[in-house]
Each structure stands twice: as structure tokens, then as C-alpha cells.
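Please find below a short note on the aromatic side chains of this structure, set out as numbered points for a reader new to it.

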Amino acid sequence: MSNAQEKPVENHVFEADVARLLHLMVHSVYSDKDVFLRELISNAADACEKLRYEAIAAPELLSDDPGSRIVLTLDADKNTLTLEDNGIGMSRDDMVEALGTIARSGTRAFMERVEAAKAGDGAQLIGQFGVGFYSAFMVADKVDVVSRRAGTAHAWLWSSNGKGSYTVSEADLTEAPARGTRVTLHLMDDAKSYTSKWSVQRIVKDQSGHVPVPIDLIEKPGAEAERVADGTALWTRSKNEITKEEYADFYRGVSGQYDEPALTVHFRAEGRHEYTGLAFVPESKPLDLFDPEGKGRMKLYVKRVFITDDAELLPRYLRFVRGLVDTADLPLNVSREMIQESPILAAIRKGLTNRVLTAIEKLQESDETAFAKLWEAFGSVLKEGIYDDFERRAQLLALSRFRTTTSDEATRSLADYVKDMKDAQAAIYYLAGDNLDRLKASPQLEGFRARGIEVLLLTDSVDSFWVTAAPDFEGKPFKSITQGAADLAQVPKTEGDVPKTAETTPAVSDFIAFAKSALGDAVSDVRASDRLTESAVCLVASEQGYDRQLEKMLQGAGRLDAVAKPILEINPGHGLIAALASGGSEEFRTDAVQLLLDQARVLDGDKPQDPRAFAERLSRLFERALRG
């Protein structure tokens, strides 16, 4: 019996989320189980990169073995596949933390997606969440991990069958790596192909051929190692030498996703600062797109040594971009504080941002269909830059696409909008809300539609904010059609079956004055409308302050103590208004005015302010109507 077996064995139960995840791994059917090998190799490469970084301050960690490597050993007789690296390794606590718990946000969303996914979607879902190590249980009914952290005198064995628990014990140093980690997969009967040299070699070359660590393959125990990947970092090669497939493979590794890159930006900057950038725009939305704590989106290397995935190399509105920057202009022992304050990184950030946006502009010019897909996926995030990034505001506005009252299901650019503006039209009009169909039915649109004036329909939350920060586009200011006067008198109505603007008769003027008195401080004003052609009433905001949608959002977020009183606009040509203006008791007309205000609230997507009073007024009006 070995010393490792004589030492105490700790029994642990997996964290609930891990246990559930492992159950899914074991019992779900995936179309491409090969993904497990890419995930394990990626973990091993990260461990080697972490050692290279720690060895900058503590070179003794490398001992007499400075070169990084990953070795795959196949054993068809025992039906095992072993992956060993000489990276940083794990202590006992590292093992429990890394292999027994899941700290990464989004794991529960991943599991819900896996449970709902079809068989063909499984591998894509694994890639989107980087649940790497646990994917081993798709092909193995037992996994043993022996690891020794660099610079320590103890090694540890972690073992599990993936069915709810695992063990940890101290390992015999004679059976452990000098440093690093050895993962042994005891393969299931239907996974014997992973002991075939040709199968494993193909998978490594297809999926992991560009990790920055050499990969060797040993066909059977005692055989000579054969190099299957040379560890040449893809980004150091000329882009003319790199195929689309190689870029796609590297993208999957660096992004943790399994789709195709929609856009690849690979460049070398020379001059005052020299660095290489390799950035990818994903084809589909990363599931951490709106995770405020999401990290690892862009990795920072110094002379090919991984430094951090926590550097802000791009502004937040480009957080969907994945990739890396490698520079020789920073010291290898760069600190977190230096990263945050470095003028070199500020220059790199600016240059990288410009390169990415320029590439998106070129895509817009060369392939409108591909750009439309990119905008559909990431437009709502890119528009955050209109609000945040003054320097690039005009550039982002030019890229932006919008649904409008004339675009049907397509989108339009602001340049297209300005080109088609009416002669007397002074502003770019917009209507903001959270539902496209409700916006299309909004009464505030009626006067604009009658004059053929195009209106932007803005449904993203950020839309209500960037329009307040962007003063204009090509000299044309942005104006909400729910705020202030419509100023439509200068634009004639189009020909056709469009009601003419009605004169405000003395009787209607008297009714408007009565309504203003009856409503009191529930509104700031009651006035005749030139924006209504079909509806009787609508609500608008005053010229000062916020438009209706932004005000609702700020109030919902607790950032407004009090909401400004709206303006009630009345259509002087509407039959109901004419009838109410012609007479009736004061009690009847008071009820009618209050109901008109509630009707305007409902048309605006709100509820009556006092539902009980609303119901009582409606009942009284029904009773009067039935009495004749």
C-alpha cells in the first residue's frame, strides 16, 4: 500500500449548483463531446501562464524546468486519458475551491439553458459558460486530479465519480508532478475513441492548436512523446498566414464561446507605443453581456506573459468584444495600480477602441446584411457609448440603426432619416417606450403620421438617456414627441384621407378652460393639440425637464422624488370633445374630464391614478346614458 493511500481521506459533498451541473453533464446528450478536451487544455494553458507570471517575482518557482508544456497520455488498455501540465498547480484549498464550488456568475442560467436545450445545442452552451473542468464528466465516469502547487512540498489528490461527492487526500510526492496538475479521465465505455492517437491528435489540432503552450501526445505509456502543437501564440503570426478556421478556433478558446466570430480585428500598432491586438466581435450575445461584474473579456499580455483579464482595455459599451492585447511597453511585474493609472494602457485603450469601431464601420459599408445582424445583437450596448463617449459620439450616431414609423421591420440610419426630412422640419423626432407595438399605436404619433414625418421608435432602455446627451446629428436636434409643443403647423398634411386641422371654437375653448379648472393640480396645463388627428386626448411633458419615458424610468429607479405634472392635450376636432363642449351638467362634465385624463393615461401605458374613482365615474356615465 502506498503512502498516499495511508493518509487521511476527506469526504466532501459538492455545492448544490455543482451537483446539479454534474448531473446534467452525465445525463444530457451532446452533439459534440470533443469540447471537453479543449476545455481541459485551456485550463492547463492558463495554469502555465499563471506560473510564468508568478515566476517574474519568484523565479525559483520554475526550478530547473523553465519551459511550459502540456502532455496528453493515452492508455487503451486501462481506457484512460491523462492530461498533465507543469503550470502553477493547486494546493489543497485551491482544489476544494476550484473543483468543489462554482463562483462564476451565470452558472444557474447556464443550467437552465442546458435543461431546456436540444441535443445539438449542448456543446454551444458549454462553451458560452466556460464550465470547463466539469465537461470531463461527459466522457468519464471517474476523474482523478493530482496537483502540486509550485514551490510547495505537498501534493494532493482529488477524486470523484461525478455523482454528488468527491474526496481529497494528500498524495505521495513520488506519484505526483514536480509541479502542476495531472488530470486522469477513466473513460466511459462509449468514449474509448479518446484513447486513439488519431482522434485525439485531430481534436487538439482543430480546437487547441493555438494555445501559447506546446502540447505533446504520448500514444501509450512508455512511448515517445510527439509534439502536436508548438505553442506559437497565434497573435504573433502575420494575419496573412492565419486561416479563417484558425481564427475561429482561437476565438472559441479565448472567449469561452462556441459560435463563430462575426468580426476579427488583428493588428500590430507601431510608433510611440508598440503592441499587438487581436479582438473578436461574437456572432451571438454572450450571456454575461449585462453582468456588471463580468471580467475576462480582454486579456492583457506583456511579452506573451499573461498578466490579467481584469484590465479595462475597452470601454464598457464594447464589452461584448473578446480577445487580447500583447505589449512590450510595460514591465512584466506591472501592478494592478499601475494598470489602472498607466498612460501607456490609456493609449492602448484608445487605439484598440478606434480599431474596433473602424472595423465595424467597414463592415457597415461592405456588408449591410452582416452589419444588421451585428447591430441586432449589440446595438443596445453600442448606444451606451453615445451617452458615455463624447469623443466618439458622432461616429456612434452614424453607426446607429433605428426602427421608425416608416421602416416596417427594417432599420434606418440617421443619415437616411435626415436625407428624407420634410422641408420645414427642424428636428429629428423620436418616441421612446418599452414596447414597439404600443409605440406604433401611440396617439402622439397621429399628427406626425398625417404629415408624413418620420419618427424614431426607441425601445431600448438606454435610448431615453443618450438622446439627452447627444445635442444633434448633422445639425438637427433630437426632440421627443411627448415633450413640449409639437410645432407641426409649418409642415402641411399629406394628401389623402387625413382629417383637416379643426379650428378651436369658442365652445371648445370654454371646455378646455373648464377642464383645466376641474383637473386642478393633477395636470400642469390643458391645451388644444395640433398633434392629434384621431384620438381625443393625450399626455405630454413640459418643454423643461424630462420626456415622458425618461421620467417614468427615473421614477421607477427611485431617482426622482416627485414626477412633474403632465400636460393634457385635447383634440378640438374630435366628435367627443365637440359633444362635451356643447353642454351638460357640471357634475357630468367633471366626470367626463376626469375620465379623459384617465383615458390619456391608459393610452400612455399607465393605469388610472385612482382605479376605484375611475370605475365609479364610468358607472355614473353609463347610468346617465341608459336613462337617456
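**Note on aromatic contacts**

1. In this predicted model, a charged group meets an aromatic ring: the charged end of arginine 589 sits over the ring of phenylalanine 514. The distance from that charged end to the ring centre is 4.7 Å.

2. Pairs between aromatic rings number 19 in the structure. One of them joins phenylalanine 133 and phenylalanine 137, whose ring centres lie 6.5 Å apart. The planes of phenylalanine 133 and phenylalanine 137 are at 85 degrees, and the pair is edge-to-face.

3. Both partners of this pair can be placed with respect to the surface. Phenylalanine 133 has a relative accessibility of 10% and therefore counts as buried. For phenylalanine 137 the relative accessible area is 0%, so this residue is buried.

4. A second geometry is found for phenylalanine 320 and phenylalanine 378. Their ring centres are 4.2 Å apart and their planes stand at 15 degrees, which means that the pair is stacked. Phenylalanine 320 belongs to the loop between strand E13 (305-308) and strand E14 (322-327), whereas phenylalanine 378 belongs to helix H11 (residues 368-382). The pair therefore ties together parts that are 58 residues apart in sequence.

5. Are phenylalanine 320 and phenylalanine 378 buried or exposed? Phenylalanine 320 is buried, as its relative accessible area is 0%. Phenylalanine 378 counts as buried at 0% relative accessibility.

6. Finally, the edge-to-face pair of phenylalanine 133 and phenylalanine 137 should be read in its wider setting. Ring pairs link Phe133 and Phe137 with Phe14, Tyr134, Trp158 and Tyr166 into a cluster.

Methods: Residues numbered from 1 in each chain as written. Predicted model: local features only at pLDDT ≥ 70, side-chain atom pairs only at ≥ 80, totals over all residues. Heavy atoms only, no water. Phe/Tyr/Trp six-rings, centres within 6.5 Å; stacked < 30°, edge-to-face > 60°. Buried < 20%, exposed > 50% of the residue type's maximum accessible area, 1.4 Å probe, protein only. Helix = DSSP H or I, 4+ residues; strand = E, 2+ residues; numbered from the N terminus. Lys NZ or Arg CZ within 6 Å of the ring centre and 35° of its normal.
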